[in-house]
Amino acid sequence: MNDTGTTAQRGGGIPAQPEAGAATPPAPREAATVTVPAAGVIPGAGPTERPGERRTVRLRESGQGGEADEPPRYAPQWLELRESADAAARAAELVDPLRIRLANLPRRGGGLVVHDLGCGTGSMGRWLAPRLDGAQHWVLHDRDPYLLHFAAVASPRAAADGSRVTVETRRGDIARLTPDALAGASLVTASALLDVLTGAEVEALAAACAGAGCPALLTLSVAGRVELTPHDPLDAEITEAFNAHQRRSGLLGPDAVTAACAAFAARGATVRVRPSPWRLGPGDPELTAQWLRGWVGAAVEQRPGLAARAGKYLAARLAACAAGELRVTVHHSDLLALCRPAGAAS
Ligand SMILES: C[S@@+](CC[C@H](N)C(=O)[O-])C[C@H]1O[C@@H](n2cnc3c(N)ncnc32)[C@H](O)[C@@H]1O
């Protein structure tokens, strides 16, 4: 289950990978190599490798029989790198209406049962569990057993009022989630997941939540908008190519929130959407550089004709980042869907 032979560390998250090279990217000179993401890595969402770096998780190799059919995997190091920016970005104002709804739901057995879909290493639970009152049992879903391992080890232990928080993990494909899987759920959560689903999967998710009568907090979905300061004429072209890459193979990408709003509303839910942008500046050089590499790499994979200009663009952006002169806003949205409680009159 642990592909690298490393161990998870409670609180500390992902262990250091000493062979992975310097923590801060070297200041680029003329043109950076745009790394088109390896097969099996999620472009734009990390990891992308710097020259000379070793991969830190076993990734899908093309043409390797059974592995070729495996879904792409997320590096836990990338999820760890983004966790504090995610926490700062989350739309905290959605927590109050959620708390009110949860307080009014019938509780089976006294505690809340929260299903976190696509939990990764569990950052959603670490953020939300201490903001909710009462005993909680989190059911952490992911298709990647390696990430589930980290999520279980670094799970939150206490609610806002000190009540106990427990977790279990479930490995499986969210695309096959049925209302039965959510039976007894008080809440469904997901973070940075909606945009990697298809329209049919989002419909199925909304149907499962509506069937279970539980609210859903679906956070940090990409909005397809990015602002970089200072401005560069290539920003818009890279953004457009990146968004096209996100929509490949029927994935929703930046259309995810609109699709989810429609899917939940069609099933009688009240839906609220709030912005949850990353605001990256001189204090976030590592995350900004890693994000830049993934963002530009995915754009070039989508539009190979961009490669030469994108290489120079990336070099200049990384240099500005290393000099503390780059600011990036990556827009996301958080969505709270309050489904009609099961048994309520329609
Ligand atoms: C961008 S990561 C987000 C992880 C975590 N929620 C966070 O915010 O850090 C997306 C996660 O969803 C999982 N995932 C994506 N599609 C899935 C599917 N169809 N079934 C199960 N898990 C899936 C991936 O393995 C990954 O852990």
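This report covers the overall fold, two helix pairs, three buried residues and the ligand shell.

The model is predicted: local features need pLDDT of at least 70, side-chain atom pairs count only at pLDDT 80 or more, and totals for chains, interfaces and linings use all residues. Residues are numbered from 1 along each chain as its sequence is written.

**Overall fold**

The protein has 9 helices and 8 strands. These are DSSP runs, numbered from the N terminus: helices are H or I with at least four residues, strands are E with at least two. Of the 346 residues, 45% are buried. Buried means 20 or more other C-beta atoms within 10 Å of the residue's own; 12 or fewer is exposed, and anything in between is partly exposed, with C-beta atoms placed from the backbone. Among contacts between residues at least 6 apart in sequence, 82% join residues at least 24 apart. A contact means that two C-beta atoms, placed from the backbone, lie within 7 Å.

**Two helix pairs**

Two packed helices are described by the angle between their axes and the distance between the axes. Axes are lines fitted to C-alpha atoms, for helices over the stretch in contact, and angles run from 0 to 180 degrees between N-to-C directions.

Take helix α1 (residues 76–89) and helix α8 (residues 285–302). Their axes come within 10 Å and cross at roughly 120 degrees. α1 and α8 are therefore oblique to each other. Angles under 35 degrees count as roughly parallel, over 145 as roughly antiparallel, 65 to 115 as roughly perpendicular and the rest as oblique. The crossing of α1 and α8 is left-handed, a term for a near helix turned anticlockwise from the far one by less than a right angle, with clockwise being right-handed. On α1, the contact uses Trp 78, Leu 81, Arg 82 and Ala 85; on α8, Glu 286, Leu 287 and Gln 290. By class, that is 4 nonpolar, 1 polar and 2 charged residues. Nonpolar covers Ala, Val, Leu, Ile, Met, Phe, Trp, Tyr, Cys and Pro; charged covers Asp, Glu, Lys and Arg; the others, Gly among them, are polar.

Next come α5 and helix α7 (residues 256–265). Their axes come within 9 Å and cross at roughly 40 degrees. That makes α5 oblique to α7. This crossing is right-handed. Gly 199, Val 202, Glu 203 and Ala 206 of α5 meet Ala 256, Ala 259, Ala 260, Ala 263 and Phe 264 of α7. The contact of α5 with α7 has 7 nonpolar, 1 polar and 1 charged residues.

**Three buried residues**

Leu 217 sits in strand β5 (residues 216–229). Leu 98 belongs to helix α2 (residues 95–104). Ala 208 is part of helix α5 (residues 199–212). The table pairs each with a residue distant in sequence.

| Residue | C-beta neighbours within 10 Å | Partner | Sequence separation | C-alpha distance |
|---|---|---|---|---|
| Leu 217 | 24 | Thr 189 | 28 residues | 4.8 Å |
| Ala 208 | 24 | Pro 179 | 29 residues | 4.1 Å |
| Leu 98 | 20 | Ala 337 | 239 residues | 9.1 Å |

Neighbours up to four places away in sequence are left aside here. Leu 217 touches Leu 94, Leu 98, Leu 187, Thr 189 and Leu 336. Leu 98 is in contact with Pro 215, Leu 217 and Leu 336. Ala 208 contacts Leu 177, Thr 178, Pro 179 and Leu 182.

**Ligand shell**

There are 19 residues around the ligand. A residue is near a molecule if its C-beta atom, placed from the backbone, lies within 6 Å of it. Gly 118, Gly 120, Arg 143, Ile 174 and Ser 191 come nearest. The shell divides into 11 nonpolar, 4 polar and 4 charged residues.
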